[in-house]
Amino acid sequence: MDHFKHSIFAKLIKWAALSCLIGVLAGAASAAFLLALDAVTHWRGQYRWLIWLLPVAGLLVAWLYRRYGAGSDAGINLLINETRAPTHPIPLRMAPLVLFGTLTSHLFGASVGREGTAVQMGGALSDQLSKLFKVSHHTRTLIITAGMAAGFASVFGTPVAGAIWGIEVVALTGMAASALLPCLLSAVIAHFVTLGLGAHHMHYAAGAMPALGGMPLLLVAVAGVAFGLAARAFCMAIHGFSALFKRWVANSLLRPVIGGTVIVLFAMTVNSADRYLGLGLPVLQAAFSGQVAPQDFLVKLVMTAWSIASGFKGGEVTPLFFVGATLGHVLAPLLQLPPPFLAAVGLAAVFAGASNTPLASTILAIELFGFDIAVYAALGCTLSYVLSGRRGIYAAQRLLYPKLG
């Protein structure tokens, strides 16, 4: 009995120390990234002519990855694969490469997100601890997963959702219990480190929510079907455009040049194109406190899928938030629900369907909008997850069981 207590206590101390290191590394990296991202987004707004350089910027990033990024280009898929079947250490160069690539994509106007960068930096930096301490394969898997969770949590300000996302996205199944403590500790520490270093997160107000009842739940279920189909369309668009580029553009250096040129032409010919460049945060905010156009969710979906498929770095989650929130805002009058409320459900639900993480997405909604949204968010996220298909935004993700039965 004494030996058992000592063993458990020793493990707690070990994981508390490792989680602190992971959280500090991921949180500091996310803080630097978020502050830099604010700066480049501001510059792009000031100097609209920067969009003309997007094809050249894409070529530069693609060349850097080809020259220096061997093994890093797979991004989050590499991290997921290493948690499943560890083979090689995550290269440390993944962190600066994805940081530079994402900031470059945003500076020149690609429609990409930001979570991919934070998650990759968190995973790559935390895996250096695996090499430093020469840990077992099992411990290394938990360290990488905790780094991913810390990156996600710190970039969105949602520590509990980040912890659950880290576990859920890599489908650890039987290892979930042992992964929860390091993921949660790392995510919480990274969150507070990011805030402590001066980075801030956007806050959304879901407004008044309908009282829990049969009719509101039925209406949210109808919206959940639409959110699931939107998530499915997003994934199909990314994989479809990627296949198109690989089939017709053999040289990977030319893909961002062609993709960037199309985005430039779109930006120069469509008056409202600026709404869909970069993160699109002004439109995302408008879904909660103003008006959005009926086509916003569809245009952002196509623009982001095209940008990611053609090789621009960043992520998909914030664009998925955009798609879900604006779609929810558009559906709200048809379903006679408050637009900010359905935008909040849509923000979480489309992400849940596209990433195959309904639990993390439900918790994310609760952390962002309060506990009153819990049942509605769980319903929307679950339906979206079930209807979005087996193939999510992360190609390396494996669903071990059918989504229904």
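**Cavity, cores and salt bridges in a predicted model**

Arg114, Val155, Phe156, Thr158, His201, Met202, Tyr204, Phe321, Leu364 and Leu368 form the lining of the largest cavity in this predicted model.

Reader: Which elements give two or more residues to the lining of the largest cavity?
Author: The search of the whole structure finds one cavity of 30 Å³ or more, and about 80 Å³ of space lies in the largest cavity. By class, its lining has seven nonpolar, two polar and one charged residues. The elements that give two or more residues to this lining are helix 6 (137–156) and helix 15 (358–369).

Reader: Which helix gives the most residues to the largest nonpolar core?
Author: This core holds 113 residues, and Phe369 is among the members that touch the most others. Not counting residues up to four places away in sequence, Phe369 touches Tyr204, Ala206, Met209, Phe288, Ala344 and Leu347. With twelve residues, the element that gives the most to the core is helix 14 (residues 339–355).

Reader: How many residues apart in sequence are the parts that Asp73 and Lys313 tie together?
Author: Asp73 forms a salt bridge with Lys313, and their closest N and O atoms are 2.5 Å apart. Asp73 is partly exposed at 49% relative accessible area, whereas Lys313 counts as buried at 14%. Asp73 lies in the loop between helix 2 (54–68) and helix 3 (76–84) and Lys313 in the loop between helix 12 (296–309) and helix 13 (317–335), so the separation of the parts in sequence is 240 residues.

Reader: Is Arg140, the salt-bridge partner of Asp127, buried or exposed?
Author: The side chains of Asp127 and Arg140 meet at 2.8 Å, N to O, and a network of salt bridges links both with Glu82. Asp127 has a relative accessibility of 0%. Arg140 has a relative accessible area of 9%, and is therefore buried.

Terms used: Residues numbered from 1 in each chain as written. Predicted model: local features only at pLDDT ≥ 70, side-chain atom pairs only at ≥ 80, totals over all residues. Heavy atoms only, no water. 1 Å grid on protein atoms, 1.4 Å probe; cavity = no way out; pocket = protein on both sides within 12 Å on 5 of 7 lines; lining within 4 Å. Points joined across faces, edges and corners; volume = space filled by probe spheres on them. Helix = DSSP H or I, 4+ residues; strand = E, 2+ residues; numbered from the N terminus. Nonpolar A, V, L, I, M, F, W, Y, C, P; charged D, E, K, R; others polar. Core = buried A, V, L, I, M, F, W, Y, C linked by side-chain atoms within 4.5 Å. Buried < 20%, exposed > 50% of the residue type's maximum accessible area, 1.4 Å probe, protein only. Contact = heavy atoms within 4.5 Å. Salt bridge = Lys/Arg side-chain N within 4 Å of Asp/Glu carboxyl O.
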